[in-house]
There are 2 protein chains.
Amino acid sequence: MPKSDAPSPSRAGRAAPPLRAVDGRVPGRRGLATRQRLVECTIELLASSPYRDLKVTDITRAAGTSPATFYQYFVDLETVLLAVAEQTATDGQQLVELIKGQQWKGNAGIGSAERLVDGFIDFWRTHRPTLRVLDLLSTEGDRRFRQIRVVMLNGMTKALASEIEAVQGSDCDVDPMAMAGALIGMLPQMAGHQGGFEAWDIPFDQVRESMIRLIYWGVNGPKVPKR
Amino acid sequence: MPKSDAPSPSRAGRAAPPLRAVDGRVPGRRGLATRQRLVECTIELLASSPYRDLKVTDITRAAGTSPATFYQYFVDLETVLLAVAEQTATDGQQLVELIKGQQWKGNAGIGSAERLVDGFIDFWRTHRPTLRVLDLLSTEGDRRFRQIRVVMLNGMTKALASEIEAVQGSDCDVDPMAMAGALIGMLPQMAGHQGGFEAWDIPFDQVRESMIRLIYWGVNGPKVPKR
DNA sequence: CATCAAATCTGACGCCGCATCAGAAAGTCT
DNA sequence: AGACTTTCTGATGCGGCGTCAGATTTGATG
């Protein structure tokens, strides 16, 4: 089990996050401001150029500072991306509210699925560049990014799994976490490849409709033939 | 402006692809052999190190040649990855056979879905490093890679869409291509994040089971409540 | 088989981004 | 103001990128 060494600085109520600079000392006001400026410039640049073309030099130029300053706060390029991703991931926790305690049966169930899908698509749209990088680096196998991605989706998955359990009771013949994971995992996929569908003349609102149905089916578990 | 000079050599039935070297000339036997050697070394290296760490130097070292030779056949690192991806994508066309002309209703339908899922997972396993890069660069927005990904999945999607149409007739109230796109798009997602599920103690065979059901439902389209 | 032109390969080079360090500048306390 | 800490930066060595002129191999020809 990969120990989470990231101190999850976003978790509310915890003790103050250390957030040390590379030399081990705790930055003061000005330092934190500069650090934050670097993070924001990174997000901005990410929106306009693909991640693999992003250079440390670009970030420092945009922030009006020098390369050495960058390395004061981040050990390398990936580390700042990690900070960016973490910021976005905690934002994503709000999506859990679209799952927990909703109605999932019958007519209302379709409505809940609809809100979930729309909420996710909207979330993706506003955070597109960042989420793309997160997806990118986690599929590539970087544990730190995969961890963040997992944490982000884990809340949603657990919530949806418990809804599935509530709906199907002990009748469900597939692990609720697995089904929830499949459904939740589908969402970034769809949102991310939206352009791909449109390039093929598949109207995206029809894809949206398909996702809604798949979620509805996944949660309610219509009977399937035995093998 | 980077002119797309890649003549899409995968398209069957077309005239023989020129496959020129960077200087515009058509390579002979020996040239093609070294080119192929470079491609194969790239695939091999991709299996052991993440794509962003892959250097041209590494490839040429592995192939026992010099950097200049590399640039004789590929304008840059991405171009060789493009060749690698193209090779894999045409391989993937065999998966269409797991869709076309299968039974999708009732008991046999579950079997077909099962074969499709297993076939895809297996395909992914054997081509993992390459497909990861393909997914990576296409989500990043590179048109050339997205094109390849689309061509690879397009065959499957069209096949599945026509099966959906055959099963549901004019009853289906969602665009078959959209539903097929959603289902097919789900597959790389699942296969790619297999490690993610296991890190979370979700048994992957349960995820597999979920995918099978989702495909079954997607194709057969159980009734859902009206809004 | 000796010759030569085309094809293929390579060593060496300039360029640029990475990452570091010593020291300058700015801020803070007494 | 003086002394100390925090923050920032110019200069620098290193390593990969991509190019060129020229060396080496191939194989067609007389």
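**Contacts with DNA strand D and the relation of the two chains**

In this predicted model, a polar side-chain atom of Y71(B) sits 2.6 Å from a phosphate oxygen of DNA strand D. Chain A offers contacts of this kind as well. The side chain of T34(A) places an N or O atom 2.5 Å from a phosphate oxygen of the strand, and for T65(A) the corresponding distance to a phosphate oxygen of DNA strand D is 2.6 Å. These three residues, together with G28(A) and T57(B), come nearest to DNA strand D among the 17 residues around it.

It is helpful to look next at the wider surface. Residues near DNA strand D are drawn from both chains: α1 (29–48) and α3 (67–73) of chain A, and α2 (56–63) and α3 (67–73) of chain B, each contribute at least two of them. By character, this surface holds 7 polar, 6 nonpolar and 4 charged residues. On the DNA side, sugar or phosphate accounts for 71% of the strand D atoms within 4 Å of the protein, while bases make up the rest.

The arrangement of the two protein chains completes the picture. A turn of 180° with a shift of 0.0 Å along the axis lays chain A on chain B, with an RMSD of 0.1 Å. The two copies are therefore related as by a two-fold rotation axis. Both copies use the same surface, since 98% of the contact residues of chain A recur in chain B.

Methods. Residues numbered from 1 in each chain as written. Chains lettered and ligands numbered in written order. Predicted model: local features only at pLDDT ≥ 70, side-chain atom pairs only at ≥ 80, totals over all residues. Heavy atoms only, no water. Near = heavy atom within 4 Å. Polar contact = N/O pair within 3.5 Å; in protein donor to acceptor, adjacent residues only side chain to side chain. Helix = DSSP H or I, 4+ residues; strand = E, 2+ residues; numbered from the N terminus. Nonpolar A, V, L, I, M, F, W, Y, C, P; charged D, E, K, R; others polar. Least-squares fit on C-alpha atoms with pLDDT ≥ 70 in both. Contact = heavy atoms within 4.5 Å.
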